[in-house]
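Here is a short set of exercises with worked solutions. Keep the sequence and the 3D view open while you go through them.

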Amino acid sequence: MCQAVERTLSIYLSSLPDSDYDYQEISNIVSEPDATYSQEYISLLARQGKIDAHKEGKNWYTSKKAIQDYMDNRQRKRN
């Protein structure tokens with residue numbers, strides 16, 4: 001039930017006019033040339049709740065901003 005509420009809220013927030021969250025399928029995000037992580041890793045982050053994402057059917061949806069927020073706020077930084 002919590003996942004349904006979260007998904008509904010995410011869809012609502014992404015539809016607001018000044019929303020920074022443009023939800024796309026993870027496969028579309030990682031196919032872009034500037035992608036930092038693999039599809040498997042982003043899916044893992046989504047399943048663990050470490051990034052803002054929701055699942056519709058068998059596909060995960062997230063935004064570039066959610067991934068960037070994760071990269072900016074993670075505890076272990078790359079050198």
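**Exercise 1.** Find the bridge partner of Gln24 in E3, then work out how the strands are ordered in the sheet.

*Solution.* Step 1: Gln24 has Thr62 as its bridge partner in E3. Helices (H or I, at least four residues) and strands (E, at least two) are DSSP runs, numbered from the N terminus. The model is predicted, so local features need pLDDT of at least 70 and side-chain atom pairs count only at pLDDT 80 or more, while totals for chains, interfaces and linings use all residues. Residues are numbered from 1 along each chain as its sequence is written, and side-chain values use heavy atoms, with hydrogens and water left out.

Step 2: E1 and E3 run antiparallel and are joined by 2 bridges; two strands pair if DSSP finds at least two bridges between them.

Step 3: Now turn to E2, which pairs with strand E3 (residues 59–62) in the antiparallel sense over 4 bridges. Within this pairing, Thr62 is the bridge partner of Ala53, and Trp60 is that of Lys55.

Step 4: Put the pairs together, and you have an open sheet of 3 strands in the order E1-E3-E2, with antiparallel pairing. Strand E1 (24–25) and strand E2 (53–56) are the edge strands, each pairing on one side only.

Step 5: Look at the link between E2 and E3, which form a hairpin with 2 residues between them. Gly57 in that turn has a positive phi of about 65°.

**Exercise 2.** Is Thr62 buried or exposed, and which residues does Thr62 touch?

*Solution.* Step 1: Thr62 is found in strand E3. Its relative accessible area is 0%, and buried means under 20%, exposed over 50%, partly exposed in between (1.4 Å probe, protein chains only). Thr62 is therefore buried.

Step 2: List the contacts (heavy atoms within 4.5 Å). Leaving out residues up to four places away in sequence, Thr62 touches Asp22, Tyr23, Gln24, Ile26, Ile29, Ile42, Ile51, Asp52, Ala53 and Ile67.

Step 3: Check one pair along the chain: Thr62 and Asp22 are 40 residues apart, and their C-alpha atoms are separated by 7.7 Å.

**Exercise 3.** Which residues make up the largest nonpolar core, and which helices each supply at least two of them?

*Solution.* Step 1: A nonpolar core is a set of buried Ala, Val, Leu, Ile, Met, Phe, Trp, Tyr and Cys residues joined through side-chain atoms within 4.5 Å. The largest one has 12 residues: Ile26, Ile29, Val30, Tyr37, Ile42, Leu45, Ala46, Ile51, Ala53, Trp60, Ile67 and Tyr70.

Step 2: At least two residues of this core come from each of helix H2 (26–30), helix H3 (39–48) and helix H4 (64–73).

Step 3: Take Ile29 in helix H2 as a sample. Ile29 counts as buried at 7% relative accessibility. Its contacts, not counting residues up to four places away in sequence, are Gln24, Ala35, Thr62, Ser63, Lys64 and Ile67.

**Exercise 4.** Where do the buried residues of H3 and H4 lie around each helix axis?

*Solution.* Step 1: In H3, the buried residues are Ile42, Ser43, Leu45 and Ala46. They cover an arc of only 160° around the axis, which puts them on the same side of H3; the arc is that of the directions from the helix axis to the C-beta atoms. On the other side of H3, Glu40 and Arg47 are exposed.

Step 2: The buried residues of H3 pack against H2, E2, E3 and H4.

Step 3: In H4, Ala66, Ile67 and Tyr70 are buried. Seen down the axis of H4, they fall within an arc of 100°, so they line one face of the helix. Their cover includes H2, H3 and E3.

**Exercise 5.** How many of the 79 residues are buried, as a percentage, and what pattern does the protein chain follow?

*Solution.* Step 1: Buried residues make up 28% of the 79 residues in the protein chain.

Step 2: The chain has 4 helices and 3 strands, and along the sequence they follow the pattern α-β-α-α-β-β-α.
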